[in-house]
Amino acid sequence: MSPSSWFRLAAWWPPLLLLLVVLTGWQTAVWWFDWPVFLVPAPTDVATAVVEDGDRLLSATARTGVAAVAGFAASLLGGVLIAVIFSQSRLVRASCYPYAIFLQTVPIIAIAPLIITWFGTGFASVVLVTLIISLFPIIASTTSGLLNIDEDLLELFRLYRAGRWQVLWKLRLPHAVPYLVTGARTSSGMAVIGAIVGEFFVGHTTTHYGLGYLVLSTSQNLKTAHLFAAVIASALLGIALFGIVTLTGSTLLARWGSGVEK
Amino acid sequence: MDSPSAPSVLPALSFDGVTVAFDARHPVLERVDLTIADGEFVSLVGPSGCGKSTALRLMAGLLEPTSGTVERYEDSRVALVFQEPNLLPWRTVEENIRLPLELLGVEATEARQRVGESLELISFGPADAVKRPRELSGGMRMRVSLARALVTRPDVLLLDEPFAALDDLLREQLNEELLEIHSARGTTAIFVTHNVSEAVFLADRVVVMPATTGDEFVHVPVGFSRPRNAALRATADFAQLAGDVSTTLRNSDREEAR
């Protein structure tokens with residue numbers, strides 16, 4: 001085994017050990033205090049729920065995952081496009097930026113009725129909520145990447161009479177890539193949250209549902225072990241999407257070099 | 001040696017009563033007259049904040065004078081080398097060098113040939129050409145920056161303290177390489193620096209800019225024959241002249257203090 005894989009193994013052990021200790025403590029506490037299962041289910045209860053609910057969990061996770069990915073993709077496309085527009089004019093930036101911040105701060109629960117009125121309940125509304133929640137980090141990071149350019153480089157491009165498009169295409173956009181990667185990582189985590197919150201408020205029927213509905217229905221029915229199972233599935237989905245985006249990002253950055261070389 | 005007021009050959013560049021004032025009461029340059037001959041190598045020295053970089057940006061056409069005129073010979077091509085290499089990290093060495101040609105719309109075959117020439121000029125082999133800036137040392141990056149300027153075959157090469165961030169040994173080595181390139185190409189060069197020894201070693205004429213805006217520029221001709229090499233720095237004449245320039249520079253600074 002090479003030293004680096006040993007190192008990776010060494011990094012895995014401590015958190016795994018901690019998990020084992022916590023699970024054992026938890027199981028013992030439930031047994032010792034005799035808590036009712038609807039209040040605090042034991043890890044074994046949760047495991048049983050996962051097995052029992054396997055198919056439902058899987059299809060709900062897939063459904064939520066698809067909505068999160070769709071919303072995230074829409075954020076990437078839309079965010080970069082909006083950032084490009086922002087980068088072209090101080091006036092546009094000054095007049096539109098406050099509304100971009102609005103996206104970041106508006107409580108989804110407040111606009112949920114509006115979304116339902118306009119788009120109905122279902123997949124499209126969930127994707128829309130995901131988009132609203134995950135868009136801002138992309139806009140903010142990409143805009144600063146497009147604008148934070150060394151004055152010397154802009155002069156270099158001016159010296160060779162570069163047009164607006166050449167500056168955008170050959171300087172601003174490539175310069176913004178590392179910024180975009182940072183924004184995409186934040187955004188991917190928020191996209192999963194957005195999809196679950198969206199399902200919670202605007203996106204479920206009793207036959208087609210994702211993790212958001214599963215969380216809602218299991219908690220209303222005091223099926224706490226199943227609620228735990230749904231929460232774990234949500235966390236895993238978030239970690240998976242974040243992991244994929246982070247991995248793709250660092251692969252891209254390795255090729256890119258980060259920032260401008262001095 | 002060309003006298004500063006009446007160059008014997010065509011002027012590559014001239015300032016006629018040039019004033020630059022970003023605000024009306026504190027002009028950066030005031031009624032400056034300066035003529036630079038075709039093929040001449042001029043070092044521009046002066047205290048910090050005397051307007052050296054402003055002068056260079058006027059020559060590059062990146063800045064318009066508030067009054068007066070800046071004239072360049074015919075439609076001469078100008079290239080600029082900055083203090084930082086300012087390479088694009090996502091491009092390889094050869095892609096960085098090719099950038100100005102892309103912006104100017106030079107056709108691909110022609111561009112490939114010129115990039116090849118430029119790489120040769122800085123002695124970069126095929127393996128170095130595909131490296132990215134972060135894989136290069138500071139000196140190598142500076143060479144690439146120089147090659148990127150030369151690839152457009154400029155008539156006038158403007159250098160804004162290009163070697164200031166490098167250590168002395170590397171600086172002297174790059175000075176010699178720059179002289180070789182200058183003599184091979186016959187390019188007019190204007191070199192801004194804080195380093196008097198460097199200024200004298202490179203130039204046909206050292207222009208000392210005054211600390212006080214509006215005061216006279218002092219022109220010090222440098223008569224050493226070319227090609228010059230490292231041995232020149234060790235001669236008494238060189239030390240004498242460098243001393244003179246230093247004194248002039250100090251006096252100009254003292255004016256400011258008065």
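In this predicted model, B:Glu161 sits in the loop that links β6 (156-160) to α6 (168-185) of chain B. Its phi is positive, about 50°, although B:Glu161 is not a glycine. As a general background, most residues other than glycine have a negative phi, and most peptide bonds are trans. B:Glu161 counts as buried because it has 20 C-beta neighbours inside 10 Å, and 20 or more is the cut-off for that class.

Chain A offers a second case of this backbone feature. A:Leu222 has a phi near 55°, again a positive value in a residue other than glycine. This leucine belongs to the loop between α9 (211-220) and α10 (224-256) of chain A. Is A:Leu222 buried or partly exposed? With 13 C-beta neighbours inside 10 Å, A:Leu222 counts as partly exposed. The two loop residues are set side by side below.

| Residue | Phi |
|---|---|
| B:Glu161 | about 50° |
| A:Leu222 | near 55° |

A further backbone feature concerns a peptide bond. The bond from B:Arg226 to B:Pro227 is cis, its omega being near 0°. B:Pro227 lies in the loop that connects β9 (218-221) with α8 (236-257) of chain B.

**The sheet of chain B**

Strands β6 and β9, named above, both take part in an open sheet of chain B, in which 6 strands follow the order β5-β6-β7-β3-β8-β9 with mixed pairing. At its edges stand β5 (78-81) and β9 of chain B, each of which pairs on one side only. From one strand to the next, the twist averages 20°. In general, strands of a sheet pair through backbone hydrogen bonds, either parallel or antiparallel. Which way do β6(B) and strand β7 (residues 188-192) of chain B run? They run parallel and are joined by 5 bridges. Within this pairing, B:Leu158 has B:Ile190 in β7(B) as its bridge partner. Helix α5 (residues 138-150) of chain B packs on the sheet, where it touches β5 and β6 of chain B. The direction of this helix makes about 170° with that of β5(B).

**The nonpolar cores**

B:Leu158 appears again in the largest nonpolar core, which has 77 residues. Together with B:Met59, B:Val200, B:Val206 and B:Val245, B:Leu158 touches the most other members. Helix α5(B) contributes the largest share of this core, with 6 residues. Which residues surround B:Val206, its neighbours within four places in sequence left aside? B:Val206 is in contact with B:Ser43, B:Val45, B:Ala199, B:Val200, B:Val220, B:Val222 and B:Val245. There is also a second, separate core of 52 residues, and A:Ala68, A:Leu135, A:Ala184 and A:Ala230 are among them.

One residue of chain A may be described in more detail. A:Ala73 is part of helix α3 (residues 54-88) of chain A. It counts as partly exposed because 15 C-beta neighbours lie inside 10 Å. Its C-alpha atom is 9.2 Å from that of A:Ser188, although the two residues are 115 residues apart along the chain.

**Where the two chains meet**

The contact draws 19 residues from chain B and 19 residues from chain A. On the side of chain B that touches chain A, β5 and α2 (93-104) of chain B each supply at least two residues. The most comes from α2(B), with 3 residues. How many residues of each class make up this side of chain B? There are 14 nonpolar, 1 polar and 4 charged residues.

Definitions and conventions. Residues are numbered from 1 along each chain as its sequence is written. Chains are lettered from A and ligands numbered from 1 in the order in which they are written. This is a predicted model: local features need pLDDT of at least 70, side-chain atom pairs count only at pLDDT 80 or more; totals for chains, interfaces and linings use all residues. Helices (H or I, at least four residues) and strands (E, at least two) are DSSP runs, numbered from the N terminus. A residue is buried if 20 or more other C-beta atoms lie within 10 Å of its own, exposed if 12 or fewer, and partly exposed in between; C-beta atoms are placed from the backbone. Two strands pair if DSSP finds at least two bridges between them. Axes are lines fitted to C-alpha atoms, for helices over the stretch in contact, and angles run from 0 to 180 degrees between N-to-C directions. Two residues are in contact if their C-beta atoms, placed from the backbone, lie within 7 Å. Ala, Val, Leu, Ile, Met, Phe, Trp, Tyr, Cys and Pro count as nonpolar, Asp, Glu, Lys and Arg as charged, and the others, Gly among them, as polar. A nonpolar core is a set of buried Ala, Val, Leu, Ile, Met, Phe, Trp, Tyr and Cys residues joined through C-beta atoms within 7 Å.
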